[in-house]
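Grab a coffee and open the viewer. Here are some short exercises, each with a worked solution to check yourself against.

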Amino acid sequence: MIIENIGTFSAPSLIVIILIFAIKSKINIFDSFIKGAKEGLECMISILPAIIALITAVTMFKFSGALEIIIKLLNPIFSLLKFPKECIPLLIMKPISGSGSNAILNSIFESYGPDSYVGKLSSIISGSSEAIFYIVSTYCGAIKFKETKNIIFFALISFIASVLFALFMC
Amino acid sequence: MIGKVWAIMIASSFFCAVINNKMNELGNAILEGTDQAINIILMTSGAIIFWSGIMKIAQDSGFTGAISKLLFPILRVLFPNCAKKWNILNPICINFVSNIMGLSNAATPSGIKAMQEMKKENLLKTNAAVFLIMNMSCIQIAPTFLVALRKSFGSNTPYEILPKMWATSIVFLLTGILLIKIFKNEKIDKIA
């Protein structure tokens, strides 16, 4: 019960803390808000093409029966850990792309609902890490740093550990 | 990489549809997928735009700056050979706090800046891994998109998963840092 309340309290209390801080600092609060909200709008517009591309691909993958085949192929390995087979596609997509895993999360919510066991586990997996390959390619690509092999290796092990932890907790 | 995955997904859907005789469904999927994407953007953008506004207030009022100061002792442990090198530590701080606050617009430029400074001082080898693991662990106080998506599918308690999610992020971060500290660079090349 307490743990559930921390989650519910977090967002409103964060807003209030920030606003109290802002009133003290005497900035123009509303101007800042409008400026930031505009940036948020631009951000939404900029991710729209990727979301359309990926959600359409995931839907096609699902409707054509390809998703089922992948799940069936991988299920024997994952069922040993009692890992729900519905989350397998998310597990594959998560390290590769954030938008891609959001597309899969969307399809999981659509089929099983966000408050089901599968929905909750998927929410946790999807919210608790960033796309590993994307981060490495953005940051290391920007400065032409090539020794990324061990970083990816460590990151994937950490990802597996975090998923096992989530599974254990749910 | 995502480009290839995307193309392979669509191509393999086509072949599966041929085998399963589901070409009609595949055609519908194109329409339904695009439709859903627009719906998701519409359903979640209100929350995201609102939070971007709030987070801008946090930035402008110096709230993020104040939080960064609290982080310095932790950074001293994580990046021991960067002590007092503010040109590296400052962007790392901004990057980490921006990530926690969900300001990905601010996180990426400062993250790249931190990587550049590390490169200049020849400290990439030991520190890049820790820094990137910090970025990947994605500890977020208010993961707006996730919460808004849960809400849009009718969740009664969209925020409920947050504490478990934070704990999972921390497990990711600690496992990564532990691995890096245990295997110093020379040994890793043999394993990976």
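The exercises below go through the core, the salt bridges, the cysteines and a surface patch of this predicted model.

**Exercise 1. Find which residues touch the most other members of the largest nonpolar core, then list what A:I18 is in contact with.**

Solution.
- Step 1: The largest nonpolar core holds 106 residues. The ones touching the most other members are A:I18, A:F83, B:F79, B:I92, B:L132 and B:M136.
- Step 2: Now pick A:I18 and skip its neighbours within four places in sequence. What's left is a set of chain B residues: B:I54, B:M55, B:I57, B:A58, B:F63 and B:M101.

**Exercise 2. Work out where the salt-bridge partners B:K56 and A:E39 sit, and whether each is buried or partly exposed.**

Solution.
- Step 1: Over all chains, the search turns up nine salt bridges. In one of them the side chains of B:K56 and A:E39 meet, at 3.2 Å from N to O.
- Step 2: B:K56 belongs to helix α2 (residues 23–60) of chain B, and A:E39 to helix α2 (residues 29–63) of chain A, so this pair crosses between chains.
- Step 3: Check the accessibilities. B:K56 has 13%, and buried means under 20%, so this lysine counts as buried. A:E39, at 30%, counts as partly exposed.

**Exercise 3. Do likewise for A:K120 and B:E160: which elements hold them, and how accessible is each?**

Solution.
- Step 1: The closest N and O atoms of A:K120 and B:E160 are 3.3 Å apart, and the two form a salt bridge.
- Step 2: A:K120 is in helix α6 (residues 117–127) of chain A, while B:E160 is in the loop between α7 (144–152) and α8 (162–182) of chain B, so two chains are joined by this pair.
- Step 3: A:K120 comes out as partly exposed at 24% relative accessibility, whereas B:E160 is buried at 16%.

**Exercise 4. Place the salt bridge between B:E117 and B:K120 in its helix, and name the network that these residues belong to.**

Solution.
- Step 1: B:E117 and B:K120 have their closest N and O atoms 3.4 Å apart.
- Step 2: Both lie in helix α5 (residues 104–120) of chain B, with a spacing of three residues, about one turn of the helix.
- Step 3: B:E117 is buried at 8% relative accessibility, but B:K120 is exposed at 66%.
- Step 4: Through salt bridges that share partners, B:K113, B:E117 and B:K120 become one network.

**Exercise 5. Explain why A:C43 and A:C140 are not in disulfides.**

Solution.
- Step 1: Over all chains the disulfide count is zero.
- Step 2: For A:C43, the closest cysteine sulfur is in B:C138, 14 Å away, which is too far for a bond. A:C43 is partly exposed, at 22%.
- Step 3: For A:C140, the closest cysteine sulfur belongs to B:C82 and is 15 Å away, so that's too far as well. A:C140 is buried, at 2%.

**Exercise 6. Say which residues make the nonpolar surface patch, and where its largest share comes from.**

Solution.
- Step 1: B:F14, B:F15, B:V18, B:I19 and B:M23 make up the patch, about 520 Å² of nonpolar surface.
- Step 2: Helix α1 (residues 2–20) of chain B supplies the largest share, with four residues.
- Step 3: Take B:V18 as an example: this valine is in helix α1 of chain B and is partly exposed, with a relative accessible area of 48%.

Terms used. Residues are numbered from 1 along each chain as its sequence is written. Chains are lettered from A and ligands numbered from 1 in the order in which they are written. This is a predicted model: local features need pLDDT of at least 70, side-chain atom pairs count only at pLDDT 80 or more; totals for chains, interfaces and linings use all residues. Side-chain values use heavy atoms; hydrogens and water are left out. A nonpolar core is a set of buried Ala, Val, Leu, Ile, Met, Phe, Trp, Tyr and Cys residues joined through side-chain atoms within 4.5 Å. Buried means under 20% relative accessible area, exposed over 50%, partly exposed in between (1.4 Å probe, protein chains only). Contact means heavy atoms within 4.5 Å. A salt bridge is a side-chain nitrogen of Lys or Arg within 4 Å of a carboxyl oxygen of Asp or Glu. A disulfide is a pair of cysteine sulfur atoms within 2.5 Å. Patches are made of residues with over 30% relative accessible area and no salt bridge: like charges are joined within 9 Å, nonpolar side chains (Val, Leu, Ile, Met, Phe, Trp, Tyr) within 5 Å. Accessible areas come from the Shrake-Rupley method with a 1.4 Å probe; for residues, only the protein chains shown count as cover.
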